[in-house]
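Student: Could you take me through one part of this model in some detail? I'd like to hear about the empty space inside and what surrounds it.

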Amino acid sequence: MKKIAVLTSGGDSPAMNAAIRAVVRIGIENEVQVFGVHRGFNGLINGEIFEMDRHSVSDIIQRGGTILRTARSEEFRTPEGRQKALNVIKVLKIDGIIVIGGDGSFRGAKELSDLGIPTVGIPGTIDNDLPYTDYTVGFDTALNTAIDAINKIRDTSSSHERVSVIEVMGRNCGDLALFSGIAGGAEQVIVPEKKFTIEDICENIFKGKRNGKLHNIIILAEGVGGAQKLAKSIEEITGIETRATVLGYIQRGGSPSAFDRILASRMGSKAVKVLLEGKTARLIGIKANKIIDIDIKEALDLKSCFNEELYKLSVDLSN
Ligand code: F6P
(Lines give C-alpha, C1' and ligand atoms only; values in the text may rest on other atoms or scores of the structure.)
Protein backbone atom coordinates (compact mmCIF):
# COMPACT_ATOMS: atom_id res chain seq x y z
CA MET A 1 0.00 0.00 0.00
CA LYS A 2 1.76 3.15 -1.26
CA LYS A 3 -1.01 5.73 -1.65
CA ILE A 4 -4.16 6.22 0.40
CA ALA A 5 -6.88 8.86 0.23
CA VAL A 6 -9.13 10.24 2.95
CA LEU A 7 -12.52 11.93 2.60
CA THR A 8 -15.30 13.23 4.84
CA SER A 9 -18.89 12.63 3.78
CA GLY A 10 -22.45 13.34 4.98
CA GLY A 11 -23.21 15.68 7.89
CA ASP A 12 -20.03 17.09 9.43
CA SER A 13 -19.18 16.40 13.06
CA PRO A 14 -16.70 17.92 15.50
CA ALA A 15 -13.28 16.18 15.49
CA MET A 16 -13.49 15.04 11.88
CA ASN A 17 -10.37 17.22 11.53
CA ALA A 18 -8.64 15.33 14.31
CA ALA A 19 -9.37 12.07 12.45
CA ILE A 20 -8.00 13.50 9.17
CA ARG A 21 -4.87 14.66 11.02
CA ALA A 22 -4.30 11.20 12.48
CA VAL A 23 -4.77 9.51 9.08
CA VAL A 24 -2.28 11.87 7.43
CA ARG A 25 0.37 11.69 10.14
CA ILE A 26 0.15 7.94 10.80
CA GLY A 27 0.10 7.31 7.04
CA ILE A 28 3.25 9.37 6.48
CA GLU A 29 4.86 7.72 9.52
CA ASN A 30 4.32 4.41 7.74
CA GLU A 31 5.81 5.69 4.47
CA VAL A 32 2.49 5.97 2.71
CA GLN A 33 1.55 8.97 0.55
CA VAL A 34 -1.72 10.44 1.81
CA PHE A 35 -4.19 12.32 -0.40
CA GLY A 36 -7.12 14.44 0.71
CA VAL A 37 -10.38 14.40 -1.26
CA HIS A 38 -12.58 17.50 -1.25
CA ARG A 39 -16.40 17.32 -0.84
CA GLY A 40 -16.78 13.62 -0.08
CA PHE A 41 -17.59 11.17 -2.86
CA ASN A 42 -18.23 14.11 -5.24
CA GLY A 43 -14.53 14.92 -4.98
CA LEU A 44 -13.64 11.35 -5.95
CA ILE A 45 -15.87 11.62 -9.01
CA ASN A 46 -14.50 15.04 -10.02
CA GLY A 47 -10.87 14.32 -9.19
CA GLU A 48 -10.64 16.98 -6.45
CA ILE A 49 -7.72 15.19 -4.86
CA PHE A 50 -4.44 16.62 -3.52
CA GLU A 51 -1.47 15.31 -1.62
CA MET A 52 -1.27 16.13 2.08
CA ASP A 53 1.87 16.46 4.19
CA ARG A 54 2.34 16.67 7.97
CA HIS A 55 2.11 20.44 7.84
CA SER A 56 -1.20 20.41 5.95
CA VAL A 57 -2.89 19.13 9.10
CA SER A 58 -1.18 21.50 11.54
CA ASP A 59 -3.43 23.66 13.67
CA ILE A 60 -6.64 21.76 12.95
CA ILE A 61 -7.08 19.45 15.96
CA GLN A 62 -9.03 22.18 17.79
CA ARG A 63 -11.21 23.15 14.83
CA GLY A 64 -14.79 22.04 14.22
CA GLY A 65 -16.12 21.21 10.76
CA THR A 66 -13.91 19.48 8.22
CA ILE A 67 -11.03 21.02 6.27
CA LEU A 68 -11.83 18.55 3.47
CA ARG A 69 -15.41 19.83 3.32
CA THR A 70 -18.27 17.41 2.92
CA ALA A 71 -21.27 16.55 0.77
CA ARG A 72 -24.04 14.02 0.39
CA SER A 73 -23.31 12.78 -3.13
CA GLU A 74 -26.32 11.86 -5.25
CA GLU A 75 -24.08 11.05 -8.22
CA PHE A 76 -22.11 8.42 -6.31
CA ARG A 77 -25.39 6.54 -5.73
CA THR A 78 -25.52 5.84 -9.49
CA PRO A 79 -23.41 3.13 -11.21
CA GLU A 80 -22.13 5.82 -13.64
CA GLY A 81 -20.98 8.04 -10.77
CA ARG A 82 -19.21 5.16 -9.07
CA GLN A 83 -17.51 4.21 -12.36
CA LYS A 84 -16.21 7.78 -12.73
CA ALA A 85 -14.83 7.65 -9.18
CA LEU A 86 -13.21 4.28 -9.90
CA ASN A 87 -11.51 5.68 -13.00
CA VAL A 88 -10.08 8.60 -10.98
CA ILE A 89 -8.83 6.23 -8.28
CA LYS A 90 -7.18 4.01 -10.92
CA VAL A 91 -5.56 6.94 -12.78
CA LEU A 92 -4.09 8.32 -9.54
CA LYS A 93 -3.07 4.78 -8.48
CA ILE A 94 -4.70 5.14 -5.07
CA ASP A 95 -4.47 1.84 -3.20
CA GLY A 96 -6.94 2.44 -0.38
CA ILE A 97 -9.59 4.90 0.83
CA ILE A 98 -10.60 6.02 4.31
CA VAL A 99 -14.15 7.36 4.57
CA ILE A 100 -15.11 9.45 7.60
CA GLY A 101 -18.89 9.72 7.96
CA GLY A 102 -22.11 8.03 9.02
CA ASP A 103 -24.14 5.08 7.78
CA GLY A 104 -24.95 6.59 4.35
CA SER A 105 -21.25 7.23 3.77
CA PHE A 106 -20.43 3.69 4.84
CA ARG A 107 -22.83 2.32 2.23
CA GLY A 108 -20.75 4.29 -0.28
CA ALA A 109 -17.58 2.83 1.22
CA LYS A 110 -19.02 -0.67 0.81
CA GLU A 111 -19.76 0.03 -2.87
CA LEU A 112 -16.14 1.12 -3.38
CA SER A 113 -14.85 -1.98 -1.72
CA ASP A 114 -17.16 -4.13 -3.90
CA LEU A 115 -15.46 -2.49 -6.89
CA GLY A 116 -12.13 -3.80 -5.58
CA ILE A 117 -10.84 -0.70 -3.77
CA PRO A 118 -9.71 -1.42 -0.19
CA THR A 119 -11.87 0.81 1.99
CA VAL A 120 -12.12 1.52 5.71
CA GLY A 121 -14.66 3.73 7.53
CA ILE A 122 -14.34 5.94 10.60
CA PRO A 123 -17.67 6.84 12.28
CA GLY A 124 -18.05 10.62 12.17
CA THR A 125 -21.53 11.75 13.18
CA ILE A 126 -23.09 13.57 16.12
CA ASP A 127 -25.98 11.07 16.09
CA ASN A 128 -24.24 8.08 17.75
CA ASP A 129 -26.61 5.94 15.69
CA LEU A 130 -24.20 3.17 14.68
CA PRO A 131 -24.85 0.15 16.89
CA TYR A 132 -21.47 -1.53 16.24
CA THR A 133 -19.61 1.19 18.15
CA ASP A 134 -20.16 2.63 21.63
CA TYR A 135 -19.34 6.16 20.43
CA THR A 136 -19.08 8.04 17.15
CA VAL A 137 -16.68 10.95 16.59
CA GLY A 138 -18.49 14.21 17.37
CA PHE A 139 -21.19 12.85 19.64
CA ASP A 140 -19.47 13.93 22.86
CA THR A 141 -18.94 17.49 21.62
CA ALA A 142 -22.53 17.81 20.40
CA LEU A 143 -23.67 16.48 23.77
CA ASN A 144 -21.62 19.11 25.62
CA THR A 145 -22.99 21.83 23.35
CA ALA A 146 -26.51 20.66 24.14
CA ILE A 147 -25.74 20.61 27.89
CA ASP A 148 -24.42 24.17 27.75
CA ALA A 149 -27.64 25.29 26.05
CA ILE A 150 -29.83 23.33 28.49
CA ASN A 151 -28.09 24.96 31.46
CA LYS A 152 -28.85 28.39 30.04
CA ILE A 153 -32.45 27.56 29.21
CA ARG A 154 -32.93 26.17 32.70
CA ASP A 155 -31.94 29.52 34.23
CA THR A 156 -34.63 31.42 32.40
CA SER A 157 -37.11 28.55 32.75
CA SER A 158 -36.73 28.66 36.56
CA SER A 159 -37.05 32.45 36.70
CA HIS A 160 -40.35 32.31 34.85
CA GLU A 161 -41.48 28.96 36.34
CA ARG A 162 -42.04 27.68 32.84
CA VAL A 163 -41.91 24.35 31.08
CA SER A 164 -39.18 24.16 28.39
CA VAL A 165 -39.21 21.73 25.51
CA ILE A 166 -35.70 21.47 24.03
CA GLU A 167 -35.27 19.59 20.75
CA VAL A 168 -31.89 18.04 20.02
CA MET A 169 -30.62 16.41 16.82
CA GLY A 170 -29.91 12.72 16.34
CA ARG A 171 -31.93 11.75 13.29
CA ASN A 172 -33.86 8.56 14.23
CA CYS A 173 -31.67 7.78 17.20
CA GLY A 174 -32.51 8.91 20.74
CA ASP A 175 -28.95 8.81 22.14
CA LEU A 176 -28.23 12.54 21.96
CA ALA A 177 -31.55 13.26 23.71
CA LEU A 178 -31.08 10.53 26.31
CA PHE A 179 -27.51 11.49 27.21
CA SER A 180 -28.45 15.20 27.22
CA GLY A 181 -31.38 14.43 29.48
CA ILE A 182 -29.26 12.63 32.05
CA ALA A 183 -26.32 15.04 31.98
CA GLY A 184 -28.60 18.08 31.84
CA GLY A 185 -30.82 16.91 34.71
CA ALA A 186 -33.96 17.01 32.58
CA GLU A 187 -37.34 16.12 34.02
CA GLN A 188 -38.34 14.13 30.93
CA VAL A 189 -36.72 12.66 27.85
CA ILE A 190 -38.76 11.84 24.75
CA VAL A 191 -37.06 9.55 22.23
CA PRO A 192 -38.25 7.67 19.13
CA GLU A 193 -37.42 4.34 20.74
CA LYS A 194 -40.00 4.78 23.53
CA LYS A 195 -43.75 5.33 23.31
CA PHE A 196 -45.11 8.37 25.13
CA THR A 197 -48.46 10.09 25.61
CA ILE A 198 -49.19 13.77 26.14
CA GLU A 199 -51.17 12.77 29.24
CA ASP A 200 -48.10 11.13 30.81
CA ILE A 201 -45.96 14.18 30.00
CA CYS A 202 -48.48 16.55 31.60
CA GLU A 203 -48.97 14.29 34.64
CA ASN A 204 -45.20 14.39 35.15
CA ILE A 205 -45.23 18.18 34.95
CA PHE A 206 -47.95 18.38 37.61
CA LYS A 207 -45.98 15.97 39.77
CA GLY A 208 -42.93 18.25 39.46
CA LYS A 209 -45.03 21.25 40.48
CA ARG A 210 -46.37 19.37 43.52
CA ASN A 211 -42.76 18.58 44.48
CA GLY A 212 -41.88 22.26 44.31
CA LYS A 213 -39.96 22.26 41.02
CA LEU A 214 -39.59 25.71 39.49
CA HIS A 215 -38.97 24.49 35.97
CA ASN A 216 -39.63 21.42 33.90
CA ILE A 217 -37.08 20.60 31.21
CA ILE A 218 -38.22 18.18 28.53
CA ILE A 219 -35.60 16.96 26.06
CA LEU A 220 -37.15 15.94 22.77
CA ALA A 221 -35.29 13.93 20.14
CA GLU A 222 -35.62 15.22 16.56
CA GLY A 223 -36.68 11.70 15.57
CA VAL A 224 -39.92 12.46 17.43
CA GLY A 225 -39.84 16.14 16.49
CA GLY A 226 -42.51 18.83 16.65
CA ALA A 227 -41.19 20.86 19.60
CA GLN A 228 -43.48 23.85 18.95
CA LYS A 229 -46.56 21.68 18.64
CA LEU A 230 -45.72 19.73 21.77
CA ALA A 231 -45.13 22.94 23.74
CA LYS A 232 -48.50 24.29 22.61
CA SER A 233 -50.34 21.11 23.66
CA ILE A 234 -48.60 21.09 27.06
CA GLU A 235 -49.57 24.72 27.68
CA GLU A 236 -53.18 24.07 26.67
CA ILE A 237 -53.53 21.04 28.93
CA THR A 238 -51.55 22.21 31.98
CA GLY A 239 -52.16 25.94 31.80
CA ILE A 240 -48.41 26.43 32.50
CA GLU A 241 -46.42 28.70 30.20
CA THR A 242 -44.35 26.51 27.91
CA ARG A 243 -41.60 27.45 25.47
CA ALA A 244 -39.87 25.43 22.76
CA THR A 245 -36.24 25.67 21.64
CA VAL A 246 -34.83 23.75 18.70
CA LEU A 247 -31.06 23.66 19.19
CA GLY A 248 -30.33 22.90 15.52
CA TYR A 249 -26.96 23.28 13.85
CA ILE A 250 -25.04 24.69 16.81
CA GLN A 251 -24.79 21.01 17.79
CA ARG A 252 -22.79 20.22 14.67
CA GLY A 253 -20.08 22.86 15.07
CA GLY A 254 -17.59 24.09 17.62
CA SER A 255 -14.23 23.08 18.94
CA PRO A 256 -14.22 19.34 19.64
CA SER A 257 -14.07 18.01 23.21
CA ALA A 258 -10.91 16.29 24.45
CA PHE A 259 -12.78 12.97 24.37
CA ASP A 260 -13.67 13.40 20.68
CA ARG A 261 -10.16 14.52 19.73
CA ILE A 262 -8.64 11.45 21.37
CA LEU A 263 -11.28 9.11 19.95
CA ALA A 264 -10.77 10.53 16.44
CA SER A 265 -6.98 10.25 16.77
CA ARG A 266 -7.19 6.62 17.90
CA MET A 267 -9.64 5.72 15.15
CA GLY A 268 -7.66 7.55 12.45
CA SER A 269 -4.53 5.69 13.42
CA LYS A 270 -6.33 2.35 13.50
CA ALA A 271 -7.91 2.95 10.07
CA VAL A 272 -4.48 3.39 8.47
CA LYS A 273 -3.16 0.27 10.17
CA VAL A 274 -6.17 -1.79 9.07
CA LEU A 275 -5.56 -0.73 5.45
CA LEU A 276 -1.85 -1.54 5.78
CA GLU A 277 -2.77 -5.02 7.05
CA GLY A 278 -4.44 -5.55 3.68
CA LYS A 279 -8.00 -5.58 5.00
CA THR A 280 -10.96 -4.06 3.17
CA ALA A 281 -14.61 -3.26 3.86
CA ARG A 282 -13.92 -2.62 7.54
CA LEU A 283 -15.34 -0.05 9.94
CA ILE A 284 -13.45 1.29 12.92
CA GLY A 285 -15.28 1.52 16.25
CA ILE A 286 -14.80 1.56 20.00
CA LYS A 287 -16.13 -1.13 22.31
CA ALA A 288 -15.40 -1.15 26.05
CA ASN A 289 -12.63 1.42 25.37
CA LYS A 290 -10.89 -0.83 22.83
CA ILE A 291 -10.54 0.36 19.25
CA ILE A 292 -11.94 -2.37 17.01
CA ASP A 293 -12.50 -3.06 13.32
CA ILE A 294 -15.50 -4.94 11.98
CA ASP A 295 -16.85 -5.98 8.57
CA ILE A 296 -18.95 -3.16 7.04
CA LYS A 297 -21.90 -5.34 6.08
CA GLU A 298 -22.00 -7.06 9.45
CA ALA A 299 -21.85 -3.67 11.18
CA LEU A 300 -24.57 -2.08 9.06
CA ASP A 301 -26.86 -5.11 9.49
CA LEU A 302 -26.78 -4.82 13.29
CA LYS A 303 -30.12 -3.84 14.79
CA SER A 304 -29.98 -0.63 16.77
CA CYS A 305 -30.00 -1.44 20.47
CA PHE A 306 -31.42 1.35 22.60
CA ASN A 307 -29.80 1.64 26.01
CA GLU A 308 -32.74 0.64 28.22
CA GLU A 309 -30.64 0.82 31.36
CA LEU A 310 -29.72 4.47 30.71
CA TYR A 311 -33.31 5.28 29.83
CA LYS A 312 -34.51 3.81 33.14
CA LEU A 313 -31.84 5.82 34.93
CA SER A 314 -33.07 9.02 33.27
CA VAL A 315 -36.60 8.24 34.50
CA ASP A 316 -35.48 7.29 38.03
CA LEU A 317 -33.31 10.39 38.40
CA SER A 318 -36.02 12.78 37.27
CA ASN A 319 -38.60 11.60 39.81
O1 F6P B 1 -26.52 13.20 10.88
C2 F6P B 1 -26.26 14.43 11.49
C3 F6P B 1 -27.45 15.34 11.41
O4 F6P B 1 -27.14 16.59 11.98
C5 F6P B 1 -28.74 14.80 11.99
O6 F6P B 1 -28.77 14.89 13.39
C7 F6P B 1 -29.77 15.62 11.29
O8 F6P B 1 -30.98 14.91 11.21
C9 F6P B 1 -29.17 15.78 9.91
O10 F6P B 1 -27.78 15.57 10.04
C11 F6P B 1 -29.39 17.12 9.26
O12 F6P B 1 -28.88 17.02 7.96
P13 F6P B 1 -28.53 18.24 7.00
O14 F6P B 1 -27.15 18.70 7.32
O15 F6P B 1 -28.59 17.66 5.63
O16 F6P B 1 -29.56 19.30 7.25
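Tutor: Sure, let's start with what kinds of residues surround the largest cavity: its lining divides into 6 polar and 3 charged residues, with no nonpolar ones. Keep in mind that this is a predicted model. The residues in question are E187, N204, K207, G208, N211, K213, N216, S318 and N319. Helix 7 gives the largest share of that lining, with 3 residues. As for volume, the largest cavity comes to about 60 Å³.

How do we find such spaces at all? Rolling a probe the size of a water molecule over the atoms shows where empty space is left. A search of the whole structure turns up 2 cavities of 30 Å³ or more, and the second largest has a volume of about 40 Å³. Around that second largest cavity sit R162, V163, I205, G208, K209, K213, L214, H215, N216 and I240. By class, this lining holds 4 nonpolar, 3 polar and 3 charged residues. Helix 7 again makes the largest share here, 3 residues. You'll spot G208, K213 and N216 in both lists.

Now for helix 7 itself. It spans residues 198-210 and lies across strand 6, strand 7 and strand 8, running at about 165° to strand 7. Those strands belong to an open sheet of 4 strands, ordered 7-8-6-9, with parallel pairing. Strand 7 (188-190) and strand 9 (242-246) stand at the edges with a single partner strand each, so one side of each has no neighbour in the sheet. From one strand to the next, the twist averages 20°.

In the middle of that order, strand 6 (residues 163-168) and strand 8 (residues 216-221) pair in the parallel sense over 6 bridges. One bridge you can look up joins V168 to A221 in strand 8. This pair also takes us back to the second largest cavity: V163, in its lining, falls within strand 6, while N216, another lining residue, falls within strand 8.

There's one more helix to place against the sheet. Helix 8 (residues 227-238) lies across strand 6, strand 7, strand 8 and strand 9, and its direction is at about 170° to strand 9.

So if you want a place to begin browsing, go to helix 7: it lies across strand 6, strand 7 and strand 8, and it supplies the largest share of the lining for the largest cavity and for the second largest one.

Notes:
Residues are numbered from 1 along each chain as its sequence is written. This is a predicted model: local features need pLDDT of at least 70, side-chain atom pairs count only at pLDDT 80 or more; totals for chains, interfaces and linings use all residues. Side-chain values use heavy atoms; hydrogens and water are left out. Two strands pair if DSSP finds at least two bridges between them. Helices (H or I, at least four residues) and strands (E, at least two) are DSSP runs, numbered from the N terminus. Axes are lines fitted to C-alpha atoms, for helices over the stretch in contact, and angles run from 0 to 180 degrees between N-to-C directions. Contact means heavy atoms within 4.5 Å. On a 1 Å grid over the protein atoms alone, a cavity is a set of points where a 1.4 Å probe fits but cannot get out, and a pocket is an open set with protein on both sides within 12 Å along at least five of seven lines; lining residues have an atom within 4 Å of a point. Grid points are joined across faces, edges and corners, and a volume is the space filled by probe spheres set on the points. Ala, Val, Leu, Ile, Met, Phe, Trp, Tyr, Cys and Pro count as nonpolar, Asp, Glu, Lys and Arg as charged, and the others, Gly among them, as polar.
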